[in-house]
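Thanks for coming. I will go through a few parts of one structure, starting with a helix, then a sheet, then some rings.

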Amino acid sequence: MTHSPSEPTHADIPSTGTSTPNPSSISSAQDQSEKPKFEYTIREGKPENAPAISKLMIEVFNKSFGHSCTPEELLRYNEDVLSPKAIEKDLLNPLCSWLLAFPSSTLSDELLGIVQLTKDSFEPCVTLPNPIELQRIYLSYKSHGTGLSTILMKKAEEKSRELGFKSIWLGAWEDNHRAKKFYEKMGYKTVGDHVFDIGGSKQRDEIMEKSL
């Protein structure tokens with residue numbers, strides 16, 4: 001299990017293994033080549049953002065990964081890990097840094113995507129020095145095909161360097177082939193694995209890392 005100050009989580013770019021079509025699945029080719037179709041702004045996450053973050057993560061996680069566990073396990077995970085109360089706790093955790101993407105062309109506060117970085121989080125298989133964990137990355141359906149996933153990844157790496165870290169690592173669900181391919185294109189390499197618990201359903205995440 002990960003030695004993390006908060007619950008271990010997938011780095012949750014949506015998978016292709018959903019039981020129904022998932023409009024939030026990310027195209028790596030589009031991420032690398034297309035510019036966003038709308039203007040965006042990146043803000044630091046604050047406790048008052050907890051409800052919006054929770055709503056986005058529950059919607060994306062349930063549609064992308066809900067098929068991999070029972071309804072009871074999924075409900076338990078939503079309540080224990082993705083609820084506004086749980087997210088607010090992570091937002092208040094001094095070991096966690098959050099980056100949130102919002103539209104900048106309107107007055108809307110609609111959340112487009114989030115990144116959570118977590119300090120002092122390690123795995124025995126991580127080989128690079130002075131690492132930080134990219135613990136969460138979620139994107140809304142609206143941001144599909146805009147390149148926002150690449151932007152958020154680069155912003156996360158930039159923030160990690162600003163914080164003084166020399167490397168970054170993440171856990172990707174072993175069946176999330178689209179996400180793993182995307183991370184590989186971003187320069188991440190698989191170095192091991194760990195157990196990821198969805199409300200009692202034990203699953204395997206592949207650990208990937210990158211030098212900063």
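Which residues of helix H4, residues 84-92, are buried? Before I answer, note that this is a predicted model. The buried residues of H4 are Ala86, Ile87, Asp90 and Leu91. Around the helix axis they cover an arc of only 140°, which puts them on the same side of H4. The background is familiar: an α-helix has 3.6 residues a turn, so residues three or four places apart point the same way. On the face of H4 turned away from that buried side sit the exposed residues Lys85, Lys89 and Leu92.

What covers the buried residues of H4? The cover includes two helices, H2 at 50-65 and H3 at 71-81, together with strands E2 at 96-103, E3 at 113-118 and E4 at 131-139.

Let me stay with strand E4. Nine of the nine residues of E4 are buried, so this strand is largely enclosed by the rest of the structure. E3 and E4 run antiparallel and are joined by six bridges. As an example, Leu117 has Leu134 in E4 as its bridge partner. With strand E5, residues 167-173, E4 pairs in the parallel sense, over three bridges. There, Pro131 stands opposite Ser167 in E5. Put helix H5, residues 148-162, between these two strands, and E4, H5 and E5 make a right-handed β-α-β unit.

The loop between E3 and E4 holds Pro124. Is Pro124 buried or exposed? Pro124 is exposed, with a relative accessible area of 72%. Its C-alpha atom is separated by 8.6 Å from that of Gly192, and these two residues are 68 residues apart along the chain.

Now the rings. How many aromatic pairs are there? The count comes to three, taking ring centres within 6.5 Å as the criterion. One of the pairs is Phe61 with Tyr77, which is stacked, at 4.7 Å centre to centre and with 25° between the planes. Phe61 lies in helix H2 and Tyr77 in helix H3, so the pair ties together parts that are 16 residues apart in sequence. Both partners have low values against the 20% cut-off for burial: Phe61 counts as buried at 0% relative accessibility, and Tyr77 counts as buried at 2%.

Another pair is Phe182 with Tyr183, and this one is tilted, at 5.8 Å centre to centre and with 50° between the planes. Phe182 is buried, with a relative accessible area of 1%, and Tyr183 is buried at 0% relative accessibility. Phe182, Tyr183 and Tyr188 form one aromatic cluster.

That brings in helix H6, residues 177-185. Which residues of H6 are buried? They are Ala179, Lys180, Phe182 and Tyr183. Seen down the axis of H6, these buried residues fall within an arc of 160°, so they line one face of the helix. Just after H6, Gly187 takes a positive phi of about 100°.

One last contact involves a charge and a ring. Arg43 lies over the face of Phe102, at 4.1 Å from the ring centre.

To recap the two helices: the buried residues of H4 lie on the same side of that helix, and those of H6 line one face. That is the end of my part.

How values were computed. Residues numbered from 1 in each chain as written. Predicted model: local features only at pLDDT ≥ 70, side-chain atom pairs only at ≥ 80, totals over all residues. Heavy atoms only, no water. Buried < 20%, exposed > 50% of the residue type's maximum accessible area, 1.4 Å probe, protein only. Helix = DSSP H or I, 4+ residues; strand = E, 2+ residues; numbered from the N terminus. Arc of directions from axis to C-beta. Contact = heavy atoms within 4.5 Å. Pairing = 2+ DSSP bridges. Right-handed = clockwise from strand over helix to strand, strands pointing away. Phe/Tyr/Trp six-rings, centres within 6.5 Å; stacked < 30°, edge-to-face > 60°. Lys NZ or Arg CZ within 6 Å of the ring centre and 35° of its normal.
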